[in-house]
Structures are given as structure tokens and as C-alpha cells.
Amino acid sequence: MSIAVYPGSFDPVTLGHLNIIKRAVNCFDHVVVCVMVNSEKDAGLFTPEERVELIRRTVSHIDGVEVEYSSGLLSDYCEKKGANVVVKGLRAISDYEKEVQMALINRHINPNVDTLFLPSGEKYTYLSSSVVKEMAAYGTNLEGFVPDCIIEDIEEKMKQRREE
Ligand code: PNS
């Protein structure tokens, strides 16, 4: 069985991420979406557990997808899951340098694991979780940017943040 891991911060999951998940499912028997820690990013809007829940809801209608959280190393996680491919979406040339660096580090740590880059869906090349959070902070309509089933959660979380 071919297994791929799609790692990321997913704070929160966007339609760009969902597009990558659906295309990865076409390439592999099983895709594990893994919420992981990016040490360059702050604590974020949602907790890791909340992010997992939002992704699970988003992919509930797609077969062959599993969603988990791991606070460890990506290459160790791949080993644990029996996956030898990491899937990452590439939006613009600005993503390229960082993503290739990560891919090479991961392959150095675990030579059995290689990274497969999927070009982002053309509608989503400008889309990121950061852009979504920025829009949500200003009360902009999130339809067309994140899955409909999580819009209320983002709005509610932003409201809580404002009241804190
Ligand atoms: O969505 P992001 O923030 O670009 O995802 C980056 C992420 C979380 C996949 C990356 O930071 C990661 O792999 N974190 C786990 C720790 C790890 O394995 N780091 C790379 C080798 S030091």
C-alpha cells in the first residue's frame, strides 16, 4: 500500500490545502494529514487538537485520508506511519527555497523519505492560512477561501480573541 504524509501547520486548513489533499488521494492509497509544529511560527489561532478536528470535518467525505497531530520530527513520523513520501504544495517561487531546504533536511535525516511537490491549484496560489487569519481579523467574508464547514469556527475564535 502506498502511503504519503501531508504535513503542515494548518492554522486553519484552507481550500488550498483541501485541493492538495484531494490530489494526493488520487496518487496514493492512503494519505495522512499531519498537523505539526513549525518552530518559526507562533502559537497560532487554533490549538493543534482543534486544527485536527477542523481538518477531520473537512475531509470526512474523502476516503483514504487520516488526520493526526505529531509534535515530533517529520521524518520520524513518516517512519512510524510506514510512509516514504511527503507531499507538499508549492504556491509560488517564494515557497520554493524554504520547501526544498526542508525536503533536503528531511531526506538527510531519513534517506527513505522523499518529498513530492504538487503545484498549488491555480485558484489558490495567493492563499495561505495567514491571509485567512488577516481577513478574519477584519471581518471579511471567508467563503471561497476555507471550507464552508469551518467558517463559523474561525469567526467564533476571532471573536474570542478580540474579547480576551
Ligand atoms: O505549513 P508549514 O508551517 O509550512 O509546515 C511546516 C512543517 C510543520 C511541516 C515543518 O515545520 C515540520 O516539518 N515540522 C516538524 C519538525 C521537523 O521535522 N522539522 C524539519 C527538520 S529539522
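**Legends to close-up views of a predicted protein model**

**View 1. Helix α4 holds the buried residue D95.** At a relative accessibility of 11%, D95 counts as buried, a word that here means under 20% relative accessible area, with exposed meaning over 50% and partly exposed lying in between (1.4 Å probe, protein chains only). The helix to which D95 belongs is α4, made of residues 93-109, where helices (H or I, at least four residues) and strands (E, at least two) are DSSP runs numbered from the N terminus. When residues up to four places away in sequence are not counted, D95 touches G89 and L90, and such a contact means heavy atoms within 4.5 Å. This is a predicted model, in which local features need pLDDT of at least 70 and side-chain atom pairs count only at pLDDT 80 or more, whereas totals for chains, interfaces and linings use all residues. Residues are numbered from 1 along each chain as its sequence is written, and side-chain values use heavy atoms, with hydrogens and water left out.

**View 2. T58 is a buried residue of helix α2.** Helix α2 covers residues 48-58 and includes T58. The relative accessible area of T58 is 3%, and therefore T58 is buried. Leaving aside residues up to four places away in sequence, T58 touches V13, L18, P147, C149 and I150.

**View 3. Strand β1 is mostly covered.** This strand consists of residues 3-8, and six of its six residues are buried. In a regular strand the side chains alternate between the two faces of the sheet. From β1, the residues I3, V5 and P7 point one way, while A4, Y6 and G8 point the other way, and all are buried.

**View 4. Strands β1 and β2 run parallel.** Six bridges join β1 to β2, the strand of residues 30-35, and two strands are said to pair if DSSP finds at least two bridges between them. Within this arrangement, G8 stands opposite V35 in β2.

**View 5. The protein chain as a setting for the close-ups has six helices and five strands.** Read along the sequence, these elements follow the pattern β-α-β-α-β-α-β-α-β-α-α. Buried residues make up 48% of the 164 residues in the protein chain. Among contacts between residues at least 6 apart in sequence, 77% join residues at least 24 apart. Taken along the principal axes, the C-alpha atoms fill a box of roughly 45 × 30 × 30 Å.
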